[in-house]
Amino acid sequence: MTTVETVRGPIAVEDLGTTLTHEHLFTKNPELEQDYPHPEWDEERLIRTAIDGLNALSAKGIGTVVDLTVPGLGRYIPRIQQVAAETEINIVVATGFYSFKDLPMFYKINGPGLMVDRSEPLEEFFIKDLTTGIADTGVKAAMIKIATDEYGITPDVDRIMRAAAVAHQETGATITTHTHAEDFTGRDQQKFFESLGVPMEHLVIGHCGDSTDLSYLRELMDNGSTLGLDRFGMEQVLPDEQRIDMLVKLCEMGYADRLTLSHDAGFFSINTPPSWRAKNAPNWHHANISDRILPAIREKGVSEETIQQIMVTNAARIMVGRRA
Ligand SMILES: [Zn+2]
């Protein structure tokens, strides 16, 4: 039986169901918030909000949510376990590191050839998260997340990506990414990982739904990778109407087996707090795909079979990774 690790432990891949492949529950900055608490953060209330929100999603037919909140975004598994204990939905978590440019000071000083000369801590941490679990929670990560943005592959991002490649080779877990679509950074990610021997089919290039450049998107998929059209509702970046048009076009062109859908939404983010989102991006929430996007693409002729392929089959494939 092929299994996938969730916050409640391993489950059969067939039990994942309809899956949102790139989401967040709580994006935080513990060090900042320790000294400067955010007025909108209320631990008890937001845990309740997340439980209610995920239960509402479950009622709409969502089976699994992948929380790509990794170090750099305030990952804290005990809080996710509290949520997972009170919802039917499976929550899958990830390892990796989220930075556009630099690593924190610890990594500048600790590592091969550095002042505290030791083996690469990023490799050690990623592999531990995937194989024995995160901290002492026993919860294992199922995917590896990295980011490149407008600064490209800086020396520290290079280091993160190398560690991600090692963790992939060691465990088979899929690497899933943040990109800056405007700068076509998915292209650099493919080149980089290919040079390290990571098969392109074990790469999910994220935030591709921000792009309206058909040739860029086709190039990434023709090279073998799966795309994340994973920011539905982030209309401050690109209106959903355009995201929907591209999705329908890619389905018509026969690319349905290379697509995953999600929102990159969250119940709280220190970076864009709930009040900001309510005002500036009212459709940016975890139910947008169920409520607005799927009905819209059905109306434009996308079949149930295609939706199943994208939301269930492709999502399961990326969570299984190289073990498939
Ligand atoms: Zn994200």
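Modeller: Two strands pair if DSSP finds at least two bridges between them; strands (E, at least two residues) and helices (H or I, at least four) are DSSP runs, numbered from the N terminus. This is a predicted model, in which local features need pLDDT of at least 70 and side-chain atom pairs count only at pLDDT 80 or more, while totals for chains, interfaces and linings use all residues. Residues are numbered from 1 along each chain as its sequence is written, and side-chain values use heavy atoms, with hydrogens and water left out.

Biologist: Which residue in strand 10 is the bridge partner of K145?

Modeller: Strand 9 and strand 10 pair in the parallel sense over four bridges. In strand 10, K145 has as its bridge partner T176.

Biologist: Which residue in strand 9 is the bridge partner of A94?

Modeller: Strand 6 (residues 90–96) also pairs with strand 9 in the parallel sense, over three bridges. The bridge partner of A94 in strand 9 is M143.

Biologist: How many residues of strand 9 are buried?

Modeller: Buried means under 20% relative accessible area with a 1.4 Å probe, protein chains only. One side of strand 9 carries M143, K145 and A147 and the other I144 and I146, and all are buried. Strand 9 is therefore largely enclosed by the rest of the structure, its buried residues numbering five of the five.

Biologist: Which strands stand at the edges of the sheet?

Modeller: Eight strands form an open sheet with parallel pairing, in the order 3-5-6-9-10-11-12-13. Two of them have a single partner strand each, so one side of each is left without a neighbour in the sheet: these are strand 3 and strand 13.

Biologist: What angle does the direction of helix 6 make with that of strand 9?

Modeller: Helix 6 (residues 155–171) has 17 residues and joins strand 9 and strand 10 in a right-handed β-α-β unit (clockwise from the first strand over the helix to the second, with the strands pointing away from the viewer). Helix 6 packs on the sheet and touches strand 9 and strand 10 (heavy atoms within 4.5 Å). Between N-to-C directions of lines fitted to C-alpha atoms, for helices over the stretch in contact, on a scale from 0 to 180 degrees, its angle with strand 9 is about 165°.

Biologist: How many residues apart in sequence are the parts that H24 and D264 tie together?

Modeller: The protein donors of the zinc ion (N, O and S atoms within 2.8 Å) are H22, H24 and D264, lying 2.1 to 2.2 Å from it. H24 lies in the loop between strand 3 and strand 4, and D264 in the loop between strand 13 and strand 14, so the separation of the parts they tie together is 240 residues.

Definitions and conventions. Donors are N, O and S atoms within 2.8 Å of the metal (3.2 Å for Na, K and Ca); water is not among the atoms, so sites may look incomplete. The expected span of a helix is 1.5 Å times one less than its number of residues. Buried means under 20% relative accessible area, exposed over 50%, partly exposed in between (1.4 Å probe, protein chains only).
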